[in-house]
Amino acid sequence: MREVYTLGQSLGNNPHMVTRIGDSIISNRYYLQLMSNTEDTPRLGPYAYLQPSLAFFGPTMTESLSAIIGLSSVSVFDPMWTPRGACEPNEAPMACEYRVRRPSIAFILFGHNDVRGLTGDEYRENLSRIVDESLAQGVIPVLMTFSSHPEADFYRQTLEFNLIIAEVAQTYEVPLMNLWLAARILPEYGLEVDRIKMRNSGFTFMKYDNAEEARSGVALLNLLSLRMLDELRLTLAMDQ
């Protein structure tokens, strides 16, 4: 990832800029975007050591052109899904987001839409293409597994696809955030009643002085993401 980061800097990527690519789980405005809240004081509790990374990356946490409800690992390459007026003609969502915002890091999550229409091989091919194109742009792709409920539809497929995510991360030696495993201890596995979206905490700022990460799927997701950003910032000496 040091080589990828160095490439990105030579291409003009912003070391502070973080984006997200995926479906409704990470298009949620309470995911990442609340890190940019300057009106309320973050309450990190036992995770106060993450404050420098919150300050380093937080101001860049805005909406993403490639985080869209219903998006899949297929449609992320389809210009028909690109928000109108924001991108060039025939530009796909991910390509537009990378060109416009020049991020150094991208959190990538696809799953619940894909299990309904793709085979494992098709999903692996699409995810690999996403990683390939990210690396070529000097963007560090952070792959994320996704939580699933044992009683939900397509549960067997969600297990298969999560294993594929881990496999692709290992093959490319890119960061992996195992949300599926972390969410096993949460009520209803951190999911809303639809058993797809992660449960919101209701807070509009980072709040971990009351163990919210043990109740809310989104709170846990934000904490894991901030922890990943902290690891990357320190390992790559991004603030030097």
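Colleague: Let's start inside. Which residues line the second largest cavity?

Modeller: The lining consists of Ile108, Leu109, Phe110, Tyr123, Leu127, Leu143, Met144 and Ile165. Strand E2, helix H5 and strand E3 each give two or more residues to that lining. Bear in mind that this is a predicted model.

Colleague: What makes that space a cavity, and how much of it is there?

Modeller: About 30 Å³ of space lies in the second largest cavity. The word cavity is used because a 1.4 Å probe fits there but cannot get out. The search over the whole structure kept cavities of 30 Å³ or more, and it found 2.

Colleague: How does the lining of the second largest cavity divide into nonpolar, polar and charged residues?

Modeller: The split is 8 nonpolar, no polar and no charged. Tyr counts as nonpolar here, so Tyr123 goes in with the Leu, Ile, Met and Phe residues.

Colleague: And the largest cavity: what is its volume, and which residues line it?

Modeller: Its volume is about 80 Å³. Among the lining residues are Tyr30, Leu34, Phe203, Phe205, Lys207, Glu212 and Asn222. By class, the lining of the largest cavity has 8 nonpolar, 2 polar and 2 charged residues. Lys and Glu count as charged, so Lys207 and Glu212 belong in the charged group.

Colleague: Why is the 160 Å³ space called a pocket and not a cavity?

Modeller: A pocket is an open set of points, whereas from a cavity the probe cannot get out, so the name turns on openness. The largest pocket has a volume of about 160 Å³. Pro79, Met80, Thr82, Pro83, Arg84, Gly85, Cys87, Glu88, Pro89, Asn90 and Glu91 line this pocket. They divide into 5 nonpolar, 3 polar and 3 charged. Gly is counted as polar, so Gly85 sits in the polar group.

Colleague: On to the sheet. What makes E1 and E2 a pair?

Modeller: Pairing takes at least two bridges, and 5 bridges join E1 to E2, so they pair. The two strands run parallel. Val18 has Ile105 in E2 as its bridge partner, and Thr19 stands opposite Ala106.

Colleague: How do you know that E3 and E4 pair too?

Modeller: E3 (residues 140-144) and E4 are joined by 2 bridges, and at least two are needed, so they count as a pair. They run parallel, and Met144 has Met177 as its bridge partner in E4. E2 and E3 are joined by 4 bridges, also in parallel, with Phe107 opposite Val142. The whole thing is an open sheet of 4 strands in the order E1-E2-E3-E4.

Colleague: Why are E1 and E4 said to stand at the edges?

Modeller: E1 and E4 (176-177) each have a single partner strand, so one side of each is left without a neighbour in the sheet. As for H5, it packs on the sheet and touches E2 and E3. The direction of H5 makes about 155° with that of E3.

Colleague: Is E1 enclosed or open, and what shows it?

Modeller: 5 of the 5 residues of E1 are buried, so the strand is largely enclosed by the rest of the structure. Val18, Arg20 and Gly22 point one way, Thr19 and Ile21 the other. E2 also has 5 of its 5 residues buried, so E2 is largely enclosed as well. From E2, Ile105, Phe107 and Leu109 point one way, while Ala106 and Ile108 point the other.

Colleague: What packs against E1 and E2 from helix H4?

Modeller: The buried residues of H4 pack against E1, E2 and H5. They are Pro93, Met94, Cys96, Glu97, Tyr98 and Arg101. Just after H4, Arg102 takes a positive phi of about 50°.

Colleague: Last one: is Ala136 buried or exposed, and how do you know?

Modeller: Exposed means over 50% relative accessible area, and Ala136 has 53%, so Ala136 is exposed. The residue is found in helix H5. Leaving aside neighbours within four places in sequence, Ala136 is in contact with Leu7 and Leu11. The C-alpha atoms of Ala136 and Gly8 are separated by 8.7 Å, though the two residues are 128 residues apart along the chain.

Key. Residues are numbered from 1 along each chain as its sequence is written. This is a predicted model: local features need pLDDT of at least 70, side-chain atom pairs count only at pLDDT 80 or more; totals for chains, interfaces and linings use all residues. Side-chain values use heavy atoms; hydrogens and water are left out. On a 1 Å grid over the protein atoms alone, a cavity is a set of points where a 1.4 Å probe fits but cannot get out, and a pocket is an open set with protein on both sides within 12 Å along at least five of seven lines; lining residues have an atom within 4 Å of a point. Grid points are joined across faces, edges and corners, and a volume is the space filled by probe spheres set on the points. Buried means under 20% relative accessible area, exposed over 50%, partly exposed in between (1.4 Å probe, protein chains only). Contact means heavy atoms within 4.5 Å. Axes are lines fitted to C-alpha atoms, for helices over the stretch in contact, and angles run from 0 to 180 degrees between N-to-C directions.
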